Amino acid sequence: MTGIDEVARATGVSTATVSRALRGLPNVSDKTRAAVRRAADELGYVASSSASGLASGRTLAMGVVVPSVSRWFYTSVLEGVDAELRSASYDMILFNLGGHRGDRERVFHRSILRKRTDALLALCLDFTPDERHQLASLGHPTIVIGGPVKGLRSVGIDEKSTAGTATNHLISLGHTDIAHLGGEDEEGLNKQVPIGRLHGFQKAMRDAGLPVRPEWIIPGGFSLPQSRASMNALLDRPGPRPTAIFAGSDEMAMGAMLAAQDHGLSVPRDLSVIGIDDHDFSESFGLTTMAQDPFDQGAIATRILLDELAGADPRSRSVRTAATLIVRSSTAAPATVR
């Protein structure tokens, strides 16, 4: 088995420097850190987390709490987190709520309090006052991905601005009758995400002097099946129909496109559709979207926590990442203005 001495000889540095480089500690140059990691990979050296933990007083593990592992956004963030942790020789302990609020008791009151982690990263969650107290009692660096949370820093897009840009794209094409598929979700998740996107839609409509019809704001649950059902129900109603849909996520937008097909409607001839995400399937659907990068969001949040564990000054401000309009074939001018 390859030892730390062999990595030190291969890179021409001390074993102490090798240890610091692989543990992500400060006072090691980027060039040396990269050389040490490259040599360790080539030689097949794996640092002993137990030995490093004894030396540093840390577990060398980061806790990551996710509502579930069944959605594209969550898994994409996890890939970004894992990439950063592996490069720093850190382990990830995944706390999966499984989509059920009942599991939060297990995670927040028992698992996390066992102090098996050095830092905590949470995806798309809000916290009860008691959970906030439990987190504060740990004294761990903590960060949230996917929507702002009062009292905690976060990494993510500007929800309101992103929704406004998406809605304005439809308005710029000449649409005036626009519906919104919202992301109302399970209890306990971060409601600031769907609320921010709804407010961005409403503001863009008001600024353009267009009416927001309450009956055209429908729940999509951030899922394709629920949004398809909700959209089918809207299209079944008598009276005027929207000519465009702003969906709060790409999966909901795909549900709207399938509902249009269920009713014999053509996208975008009869109904334009735009979403948020740039989901892996969006290009195949020809879906116009506001693209965000959850992999990068996971990597950024993880680097912030790792830097603080290595001695960097804590970052108090949240990080806003880019969301970019990608126009595909699902949006066009309404038939009445062509």
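Exposed means over 50% relative accessible area, and buried means under 20%. The views below come from a predicted model.

**View 1. A salt bridge within helix H9 joins aspartate 207 and lysine 203.** The closest N and O atoms of this pair are 2.7 Å apart. Both residues lie in helix H9, four residues apart. That spacing is about one turn of the helix. Aspartate 207 has a relative accessible area of 57%, so it counts as exposed. Lysine 203, at 36%, is partly exposed. The structure holds nine salt bridges, and this pair is one of them.

**View 2. Arginine 153 and glutamate 308 form a salt bridge.** Their closest N and O atoms are 2.8 Å apart. Arginine 153 lies in the loop between strand S4 (142-145) and strand S5 (154-156). Glutamate 308 belongs to helix H13 (residues 294-309). The pair therefore ties together parts that are 155 residues apart in sequence. Arginine 153 is buried, with a relative accessible area of 11%. Glutamate 308 is buried too, at 13%.

**View 3. Arginine 213 contacts a carboxylate and a ring: it forms a salt bridge with glutamate 215, and its charged end sits over the ring of tryptophan 216.** In the salt bridge, the closest N and O atoms are 2.9 Å apart. The charged end of arginine 213 is 4.0 Å from the centre of the tryptophan 216 ring. Arginine 213 is partly exposed, with a relative accessible area of 28%. Glutamate 215 is partly exposed as well, at 36%.

**View 4. Phenylalanine 73 and tyrosine 74 form an edge-to-face aromatic pair.** With ring centres required to lie within 6.5 Å, the count comes to two aromatic pairs. In this one, the rings are 6.3 Å apart, centre to centre. Their planes meet at 75 degrees. Edge-to-face requires over 60 degrees, so the pair qualifies. Phenylalanine 73 is buried, with 13% relative accessible area. Tyrosine 74 is buried at 5%.

**View 5. Helix H8 covers residues 159-172.** How far apart are the end C-alpha atoms of H8? They are 20 Å apart, which agrees with the 20 Å expected for 14 residues at 1.5 Å a residue. Several residues of H8 are buried, including Glu159, Ala163, Ala166 and Leu170. The buried residues of H8 pack against several elements, among them helix H9 (192-207), strand S6 (178-182) and strand S9 (272-277). At the start of H8, a side-chain oxygen of aspartate 158 comes within 3.3 Å of the backbone nitrogen of lysine 160. Just after H8, glycine 174 has a positive phi of about 110 degrees.

**View 6. Three loops hold backbone exceptions, at serine 89, proline 268 and aspartate 278.** Most residues other than glycine have a negative phi, and most peptide bonds are trans. Serine 89 has a positive phi, near 55 degrees. This serine is in the loop between helix H5 (72-87) and strand S2 (91-96). Serine 89 is partly exposed, at 30% relative accessible area. Aspartate 278 also has a positive phi, of about 65 degrees. It lies in the loop between S9 and helix H12 (282-285). At 23% relative accessibility, aspartate 278 is partly exposed. The peptide bond from valine 267 to proline 268 is cis, with omega near 10 degrees. Proline 268 sits in the loop between helix H11 (250-262) and S9.

Terms used:
Residues numbered from 1 in each chain as written. Predicted model: local features only at pLDDT ≥ 70, side-chain atom pairs only at ≥ 80, totals over all residues. Heavy atoms only, no water. Phe/Tyr/Trp six-rings, centres within 6.5 Å; stacked < 30°, edge-to-face > 60°. Buried < 20%, exposed > 50% of the residue type's maximum accessible area, 1.4 Å probe, protein only. Lys NZ or Arg CZ within 6 Å of the ring centre and 35° of its normal. Helix = DSSP H or I, 4+ residues; strand = E, 2+ residues; numbered from the N terminus. Expected span 1.5 Å × (residues − 1). Contact = heavy atoms within 4.5 Å. Polar contact = N/O pair within 3.5 Å; in protein donor to acceptor, adjacent residues only side chain to side chain. Salt bridge = Lys/Arg side-chain N within 4 Å of Asp/Glu carboxyl O.
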